[in-house]
Amino acid sequence: MNHLDPGAERGAEPAETGRLREVLAAAAHEVTPSRVPLAAVERRGRMIRRRRRTTVLGAGCAVLLAPLAFVTLHGPDDGDRVTRPAATVSASPAPSASPTVSAPTPRIVDPGERVTVAPGFVLWLTEEGRHWTTPDMPEGQFRSVVDGNIDRTSPGVSLQTEGMDDRVLASGVYYGGEGTASVVEVASEDGPVRGKLLELPGRPGWGVWYAIAHSGVEAPVTVRDTEGRVYATLP
């Protein structure tokens, strides 16, 4: 029995494989290799080297310029600078409407309350009527509004004058008008003179007016209400 060497069996190859190798080797000897494009390879190498240099230079410049840009933007004293808040723009307030000036109304006095209208001239009201004193008649005078001499259901005004050193005190009673009495105006030699009004509380329907003029006083006397309409008049 023949024993084959295992190593020999592994080193042997089929006859077909050997012939294929011989054919390929013969064909390879007949192939002429093409020329290497040396010029193209050199140009490619130079271009790659230029790109690398540009990249390195760009990165270096960026590193060098970054601190300079920081200093330029922030400035040397930026650490001590206080950032101010942006100013806020507030809308201008709308102009308010002009306040309406209300018409004057009579001064309300308590019964028996004295009102000095000039030195020596004092007025006060009671439910019965008007009281007053003058320097010539300090004991006082009285004009009733309940004795029937006046009709308090119809508008009316009375007029009485008292002489002073260089002035004239005009006064009287008004009554019966509609609305709220507001002002009184009396004629004088120097032109119209405005006076003041006194009334008791609770809208009694009558009151007392007075005015001080520098010349003679005469009719007409007109009392107007808070709407500017005639409350009562003495022609």
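# Briefing: strands, cores and charged pairs

Strand β4 and strand β5 (residues 141–144) pair in the antiparallel sense, with 4 bridges between them. This pairing belongs to a predicted model, in which the chain has 3 helices and 13 strands. The notes below begin with the whole chain and then turn to the strands around β4, the nonpolar cores, two residues worth a visit, and the salt bridges.

**The chain as a whole**

- Of the 235 residues in the chain, 28% are buried.
- The accessible surface comes to about 17,300 Å², and carbon and sulfur atoms account for 56% of it.
- If you take the contacts between residues at least 6 apart in sequence, 54% of them join residues at least 24 apart.

**Strand β4 and its partners**

- β4 covers residues 129–133 and is mostly covered itself, with 5 of its 5 residues buried.
- On one side of the pairing story is β3, which runs antiparallel to β4 and is joined to it by 5 bridges.
- β3 and β4 make a hairpin, with 2 residues between the strands.
- To find this pairing in the viewer, look for tryptophan 124, which stands opposite histidine 131 of β4.
- For the pairing with β5, a handy marker is arginine 130, whose bridge partner in β5 is arginine 143.

**Two nonpolar cores**

- The largest nonpolar core holds 19 residues, and those with the most contacts inside it are Val117, Leu123, Leu198 and Trp206.
- Two or more residues of this core come from each of β2 (115–118), β3 (121–126), β8 and β11 (206–213).
- A second core, separate from that one, has 17 residues, including Tyr174, Val186, Ala213 and Val221.
- Back in the largest core, valine 117 is a good place to start. Neighbours within four places in sequence aside, valine 117 is in contact with Leu123, Leu169, Tyr210 and Ile212.

**Tyrosine 174, a member of the second core**

- Tyrosine 174 lies in strand β8, which covers residues 168–175.
- Is tyrosine 174 buried or exposed? Its relative accessibility is 0%, so tyrosine 174 counts as buried.
- Its side chain also has a polar partner: a polar contact of 2.8 Å links the side chain of tyrosine 174 to that of glutamate 199.
- In sequence, tyrosine 174 and leucine 234 are 60 residues apart, while their C-alpha atoms are 9.6 Å apart in space.

**Serine 215 and its surroundings**

- Serine 215 sits in the loop between β11 and β12 (217–225).
- With a relative accessibility of 10%, serine 215 falls under the 20% cut-off and therefore counts as buried.
- Which residues does serine 215 touch, not counting those up to four places away in sequence? They are Val168, Ser188, Glu189 and Asp190.
- Glu189 and Asp190 also appear in polar pairings with this serine. The side chain of serine 215 reaches the backbone nitrogen of glutamate 189 at 3.3 Å, and it makes a 3.1 Å polar contact with the side chain of aspartate 190.

**Salt bridges**

- Side chains of opposite charge can pair when their charged atoms come close. How many salt bridges does the structure hold? There are 3 of them.
- Arginine 107 and glutamate 113 meet through their side chains, at 3.6 Å from N to O. Arginine 107 is partly exposed, with 42% relative accessible area, and glutamate 113 is partly exposed as well, at 27%.
- Aspartate 166 pairs with arginine 167, and their closest N and O atoms are 3.8 Å apart. Aspartate 166 is exposed, with a relative accessible area of 56%, whereas arginine 167, at 29%, counts as partly exposed.
- Arginine 229 forms a salt bridge with aspartate 225, with 3.2 Å between the closest N and O atoms. Here arginine 229 counts as exposed because its relative accessibility is 53%, over the 50% cut-off. Aspartate 225, on the other hand, counts as buried at 5%.

Definitions and conventions. Residues numbered from 1 in each chain as written. Predicted model: local features only at pLDDT ≥ 70, side-chain atom pairs only at ≥ 80, totals over all residues. Heavy atoms only, no water. Buried < 20%, exposed > 50% of the residue type's maximum accessible area, 1.4 Å probe, protein only. Contact = heavy atoms within 4.5 Å. Areas by Shrake-Rupley, 256 points an atom, 1.4 Å probe, with all protein chains shown as cover. Polar contact = N/O pair within 3.5 Å; in protein donor to acceptor, adjacent residues only side chain to side chain. Core = buried A, V, L, I, M, F, W, Y, C linked by side-chain atoms within 4.5 Å. Pairing = 2+ DSSP bridges. Salt bridge = Lys/Arg side-chain N within 4 Å of Asp/Glu carboxyl O.
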